[in-house]
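Visitor: I would like to learn how to read a protein model feature by feature. Could you walk me through one, giving the general idea and then the case at hand?

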Amino acid sequence: MKRVALPMCALATALSVTACGMHSNPPAELPQSQPHLMQPMDVLGGPGSRLNVLLGDAPPDIAGKVLQRVDLGLREIDAIQDGQVTVLASYDHPRIVNVLAHQDDSGESVADANVARTAYQQLRLVVDVPSSDVKFEGEHATPLDFLVNVATSSSVGAGATTVTTSDGPTAVDVIVSQPFSIPQDHHQAVRVDFNAFESLAFAATGSALARPSLFVAPIDDMGSIKGHVVSASGSPVANATVVAVASDGSIGNTDWTNDRGRFKIGTLRSGTYTLVIYNSYTTAAGRTVTASGESAGSASAQSITGPTVTVNAANTTSAGSITD
């Protein structure tokens, strides 16, 4: 692919991740790096506009542990159109961002650059290997092992549009193929949901594994769904996986229920979704999640189809109570 560079503004954070077997802890304080300053080039043709990329997520419980931080370190962020790579942001030293610090469809601005008004098929995050880790409540930070060239293990194929490959000895490329366009009449901002629920697991040795499963939605065409999963007796069902399936059969995003049975699926493009509930579910990274408190007999069901919900931009739609 041909790579071109466009000017950048205020990239407020970055990511850091570790490839399998390459563990090294980041220094206590990483020097604040400055993005490369590049001369404007309209290499894609057409009038220019601005593209802002926001990165965030909500913290899941993983294997009974409360996740506090997911620190990722970006070397570069790119937009890809017809095989041509536009560099949105680049750093001499990776900058660290805790994606869990940005929830409820907010996000850290990790790229803000002039781009052509066109359609882009992919976003690529070039992630530094040695400077990524996760931290659970009451524990020391644990380096991440990035799983590269590994297909999703999700029960529903969540994360299938995200591919992770090696990029030299100390970096990985995380490429998400979820197209978006720059409107003719204004700038664009997109949110990237890291979805730690789908993306993280543990190896038998106890090390943290990452099989990134990213979801992308334009800010001006994005909403969310909230709801409550209960048993036939009305008691909350905890740790049930809720999947938003779009009208074309693709996976919009996923979430899990808390101990009160509540969920909220964000970073959803406007449209109609059918909610499907799983009491036993395998995440993209291969972790098994099992619900508790479901109705008698429901645990053996492969899935339970819930309501169909219409998502509108800038709104949270309630799915109400869903009987499991």
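**Reading the model**

Guide: Gladly; the protein chain has 1 helix and 26 strands. Here helices (H or I, at least four residues) and strands (E, at least two) are DSSP runs, numbered from the N terminus. The model is predicted, so local features need pLDDT of at least 70 and side-chain atom pairs count only at pLDDT 80 or more, while totals for chains, interfaces and linings use all residues. Residues are numbered from 1 along each chain as its sequence is written, and side-chain values use heavy atoms, with hydrogens and water left out.

Visitor: What share of the 324 residues is made up of buried residues?

Guide: Buried means under 20% relative accessible area, exposed over 50%, and partly exposed in between (1.4 Å probe, protein chains only). In this protein chain, 54% of the 324 residues are buried.

Visitor: Among contacts between residues at least 6 apart in sequence, what percentage join residues at least 24 apart?

Guide: A contact means heavy atoms within 4.5 Å. Of the contacts in that set, 79% join residues at least 24 apart.

Visitor: Which residues have the most contacts inside the largest nonpolar core?

Guide: A nonpolar core is a set of buried Ala, Val, Leu, Ile, Met, Phe, Trp, Tyr and Cys residues joined through side-chain atoms within 4.5 Å. The largest one here has 43 residues, and Leu 51, Val 53, Leu 67, Val 70, Leu 88, Leu 123 and Leu 200 have the most contacts inside it. Strand β4 (residues 65–81) gives the most to this core, with 6 residues. Another core lies apart from it, with 19 residues that include Val 229, Ile 277, Ala 319 and Ile 322.

Visitor: What is Val 70 in contact with, beyond its neighbours within four places in sequence?

Guide: Val 70 is in contact with Val 97, Asn 98, Val 99, Leu 100, Asp 133, Val 134, Phe 194 and Leu 200, once those neighbours are set aside.

Visitor: Now a single strand: where is Val 242 placed, and is Val 242 buried or exposed?

Guide: Val 242 belongs to strand β19 (residues 241–246). With a relative accessible area of 0%, Val 242 is buried. Its partners beyond four places in sequence include Val 229, Phe 263, Ile 265, Leu 275 and Ile 277. Take Leu 275: 33 residues separate Val 242 and Leu 275 in sequence, yet their C-alpha atoms are 6.5 Å apart in space.

Visitor: And which residues does Thr 241 touch?

Guide: Thr 241 is also in strand β19, and is buried with a relative accessible area of 0%. Not counting residues up to four places away in sequence, Thr 241 touches Phe 197, Asp 255, Trp 256, Val 276, Ile 277, Tyr 278, Tyr 281 and Val 289.

Visitor: How should I read a charged residue such as Asp 57, and which side chain of opposite charge is nearest?

Guide: Lys and Arg count as positive and Asp and Glu as negative, while His and the chain ends are not counted. A salt bridge is a side-chain nitrogen of Lys or Arg within 4 Å of a carboxyl oxygen of Asp or Glu. Asp 57 is buried yet has no salt bridge, and the nearest side chain of opposite charge, Arg 191, is 5.9 Å away. Asp 57 sits in the loop between β2 (48–56) and β3 (61–62). Among the contacts of Asp 57 beyond four places in sequence are His 102, Gln 103, Arg 191 and Asn 195.

Visitor: Where does Asn 195 lie, and what is the sign of its phi?

Guide: Most residues other than glycine have a negative phi. Asn 195 has a positive phi of about 50 degrees although it is not a glycine. Asn 195 lies in the loop between β14 and α1, and is buried at 3% relative accessible area. Asn 149 also has a positive phi, of about 55 degrees. Asn 149 is in the loop between β10 (142–146) and β11 (162–166), and counts as exposed at 61% relative accessibility.

Visitor: Last of all, which residues lie nearest the centre of the largest pocket?

Guide: On a 1 Å grid over the protein atoms alone, a pocket is an open set of points with protein on both sides within 12 Å along at least five of seven lines, a cavity is a set of points where a 1.4 Å probe fits but cannot get out, and lining residues have an atom within 4 Å of a point. Grid points are joined across faces, edges and corners, and a volume is the space filled by probe spheres set on the points. The largest pocket holds about 470 Å³ of space. Of its 23 lining residues, Ala 58, Asp 104, Asp 255, Trp 256 and Lys 264 lie nearest the centre. The largest share of the lining, 6 residues, comes from β21.
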